[in-house]
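Biologist: I'm new to this one. Could you pick a single part and walk me through it closely, after a quick word on the whole?

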Amino acid sequence: MNICIIGAGYVGLTTSAVLAEFGHLIHCVDINSDKIKKLQEGNVPIYEPQLKELICKNSDKITFSTNLPDSIQRCTVIFVTVGTPSLIDGSTDLSFLQSVFTTIAQHLQSYKTIIIKSTVPPGTNQKMHQYLLAKGVSPFMYNIVSNPEFLREGSAINDMFHPDRTVIGIAEDDKRSEVIIRDIYQSLSSPFIVTSWNGAEMIKYASNAFLATKISFINEIARICDFYGADVLDVAKGLGTDPRIGPLFLQAGIGYGGSCFPKDLQALQHIAAAKLVKTPILDAVHEVNSTQLEWNIKKLQEELPSILDKKVTVLGIAFKPNTDDIRHSPAIALIQQLHSLGADVHTYDPKAFLPADLRHIATQHKSLKSSYIDSEAVIIATDWPEICQLDWKHVKAHIKGNLILDGRNCINREEVLGFGLNYKGVGRG
């Protein structure tokens, strides 16, 4: 098929690369001309394992452009993958989506299947349908499909090749779209869940909210473990072997971040409040996550009562490994808090960088080893493999203090202690 993908961000580029691998001809469009120029030159603006390689491999099937009207005319299927960031009140900013549908309304001349892959609140697909009708577009000229993504940053390519499920939401009278979607994804063997527009939209929000709940739950359990000498790793293992619970997202740490969980949880709380539905569980999930960093700062201060002018190294800047995404990163929040306490903050990350407006508060090193020389404490904020596999003999020989604060419970405690270092984890007893 000729497929137009609107939005050359994380979801748009991943979708473009994988659908091209499936054999489709992809027209990826974005209004950011600098980004499109880089992509045309073979430079992928985000880091995601296998993404650049897959785009280069299928360069004959993918074109990048800023010309949306032309791509609308060329393609029978349109994927909308634009950003839907949070507004100040927690609601979802749909202005980018609205702009796309304005352009579609102006240039729709033949039948299109319009697939909204962006994360949007329940009722959005219906609103876009009504908007096209209000603009005078014939209902026989298009069908709208909700097809939310469930991609994990750091493993998005693999997730798209091997999804747990493919969710599609269609209108009650839509007899065409399911066949088209199945044709697009015919290379996949995952089960299809076919539901309504609102059903698909809610599945996306509910999925992310539940995963965030698991993280906050284990972080709260970790707090209790610290006071009773239990090891949260043992507790998580005991929980995870129960098939009703499962082991994923039971890793205690300094809290979740990224572009999805914080935003989607807020959006779900907002749409519930709009209908006067109380959400005490969601409220608690947010509360635990927003205070988790404080618990870890407290551990640091117990060992270093005053960190004024003391060198503290934060290993990791991205919100998780295998990505350069720093949106809502707990590591960034940690660096900011340490700076506010007067620490001389140094940091390292193999892919991510401090944003320009924060580069004055910390020194970012190009090498891992140089980052912790003469530090009073080393804090692991992102569990990159090279950070988890640190040479602790080298660390012991080159740091000034001896405190290792494992904010991701990702290193071998016994090995660290064996070199005479002071290990503090999250809920490790």
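Modeller: Sure, whole thing first: the protein's secondary structure comes to 17 helices and 14 strands, where helices (H or I, at least four residues) and strands (E, at least two) are DSSP runs numbered from the N terminus. Keep in mind that this is a predicted model, where local features need pLDDT of at least 70, side-chain atom pairs count only at pLDDT 80 or more, and totals for chains, interfaces and linings use all residues. Residues are numbered from 1 along each chain as its sequence is written, and side-chain values use heavy atoms, with hydrogens and water left out.

Now the part I'd zoom in on: strand E6, residues 142-146. Five of its five residues are buried, and buried means under 20% relative accessible area, with exposed over 50% and partly exposed in between (1.4 Å probe, protein chains only). Tyr142, Ile144 and Ser146 point one way from E6, while Asn143 and Val145 point the other way.

Who sits alongside? Strand E5 (residues 112-116) runs parallel to E6, and five bridges join the two; strands pair if DSSP finds at least two bridges between them. Ile144 of E6 is the bridge partner of Ile114. To get from E5 to E6, the chain goes through helix H6 (residues 124-134), and this β-α-β crossover is right-handed. That term applies if, with the strands pointing away from the viewer, the path from the first strand over the helix to the second runs clockwise.

Stepping back to the protein, buried residues make up 53% of its 429 residues.
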